[in-house]
Amino acid sequence: MASEAANGSLANEKAPETVGVGRYVEMEQDGGDSSTGVKSRLSGLLWHGGSAYDAWFSCASNQVAQVLLTLPYSFSQLGMVSGILFQLFYGLMGSWTAYLISVLYVEYRTRKEREKADFRNHVIQWFEVLDGLLGKHWRNVGLAFNCTFLLFGSVIQLIACASNIYYINDKLDKRTWTYIFGACCATTVFIPSFHNYRIWSFLGLVMTTYTAWYLAIASLIHGQVDGVKHSGPTKMVLYFTGATNILYTFGGHAVTVEIMHAMWRPQKFKAIYLLATLYVLTLTLPSAASVYWAFGDELLTHSNALALLPRTAFRDAAVVLMLVHQFITFGFACTPLYFVWEKLVGLHDCRSLCKRAAARLPVVVPIWFLAIIFPFFGPINSAVGSLLVSFTVYIIPALAHMITFRSATAREVWPYGTLVWIVF
């Protein structure tokens, strides 16, 4: 027996640093509240989400928002064939890198829990994963890219709110509407974490589904305009501008780590992002293709597809639903920034929601200010896609995974390590 114990101890000492997926007991307990009160059950139904279904709704809802209305514009720049191919390519690549991020999260969390770390009152973020696995320099790069990307993503949502409402109420200018929606979106400081986005994620996906199919059906019913032309692509600059907008569309996994951490059992994440992407493609491909088929090159001067469709009750409903969804997407983009700020000022583990909400307000103010200064989101979409999304959610995760699993021992533990080296 003593010999067996000694052998077991020696085996543990020689075990590689990379370990298999553990069980996250504290998260499972958070989701296992057995209270029978009506109030508790209602709160659990609408507020406390952590299942694989909640993660799927969060990923799908967050992945496509205002960009749904600008994809036909991208098709006019790229042409029909390139537009479809880029959506499929970036969608699959985004799903792959989201999976790599999930692997790195599990690796980091497993190591920390072996050190008896407690995450009950702490939300793990991407820069912390990089710090724990690769060091402070990777942490700093990841933090800079991620925060900048989420900052401008939030700005885009505010600008888009003002742009969309203008189609049904032009009595106020767009900048004034930005003031109003900035104040509305500031209420997201009261949503503690992604764990509490259950009902919002579900409603957000319903809203984008309606809008996408409205665009497709309304365009087919409208038919092609007189003398319609489909001349794209015509210029190299326009071609790559359209490509970066699609790149931005499938770059929503900047919040993958926070969504995983909100799950009761993060091990179940695995293919959730891929399944969410496949559903999103059923929205983006028909809507963008149909609008481009109907209006062709007219889209080159109308970046928002709603501008070309006649005003009806259905279009107004789509505008209103997109406004609500942009509020939700603003919360998705801002919540990781809230966490970073809370950790900086030392209030992340504070139990008082009011104190945390007050501490978060300084994050909203500069976003609001930038949205007022730059009342246009088309060029920002392209800039964010080309400069930030490419590094934040494609290049950095792939490089981090390759370096983390560069040794033969690490690749033996994670069976797909060799495949990553071949692909990249």
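This note comments on the internal cavities and one nonpolar surface patch of a predicted model.

1. Cavities overall. A search over the whole structure returns four cavities of 30 Å³ or more. The largest of them has a volume of about 250 Å³, and the second largest has a volume of about 80 Å³.

2. Largest cavity, lining. The largest cavity, with its volume of about 250 Å³, is lined by 20 residues, of which Asn62, Phe149, Tyr248, Gly252 and Thr329 are the closest to its centre. At least two lining residues are supplied by each of helix H4 (52-63), helix H8 (136-165), helix H11 (236-249) and helix H14 (313-345). Helix H8 contributes the most, with five residues.

3. Largest cavity, composition. Ten nonpolar and ten polar residues make up this lining, and no charged residues are present in it.

4. Second largest cavity. For the cavity of about 80 Å³, the lining comprises 13 residues, and those closest to its centre are Asp54, Ala55, Ser58, Phe194 and Ala262. Helix H4 provides the largest share of this lining, three residues. By class, the lining of the second largest cavity holds six nonpolar, five polar and two charged residues.

5. Surface patch. Leu92, Leu274, Leu275 and Leu278 form a nonpolar surface patch of about 350 Å². Helix H13 (residues 272-295) gives the most to this patch, with three residues.

6. Leu278. This residue of the patch lies in helix H13. Leu278 has a relative accessible area of 41% and is therefore classed as partly exposed; the value also satisfies the patch requirement of over 30% relative accessible area.

How values were computed: Residues are numbered from 1 along each chain as its sequence is written. This is a predicted model: local features need pLDDT of at least 70, side-chain atom pairs count only at pLDDT 80 or more; totals for chains, interfaces and linings use all residues. Side-chain values use heavy atoms; hydrogens and water are left out. Patches are made of residues with over 30% relative accessible area and no salt bridge: like charges are joined within 9 Å, nonpolar side chains (Val, Leu, Ile, Met, Phe, Trp, Tyr) within 5 Å. Accessible areas come from the Shrake-Rupley method with a 1.4 Å probe; for residues, only the protein chains shown count as cover. A salt bridge is a side-chain nitrogen of Lys or Arg within 4 Å of a carboxyl oxygen of Asp or Glu. Helices (H or I, at least four residues) and strands (E, at least two) are DSSP runs, numbered from the N terminus. Buried means under 20% relative accessible area, exposed over 50%, partly exposed in between (1.4 Å probe, protein chains only). On a 1 Å grid over the protein atoms alone, a cavity is a set of points where a 1.4 Å probe fits but cannot get out, and a pocket is an open set with protein on both sides within 12 Å along at least five of seven lines; lining residues have an atom within 4 Å of a point. Grid points are joined across faces, edges and corners, and a volume is the space filled by probe spheres set on the points. Ala, Val, Leu, Ile, Met, Phe, Trp, Tyr, Cys and Pro count as nonpolar, Asp, Glu, Lys and Arg as charged, and the others, Gly among them, as polar.
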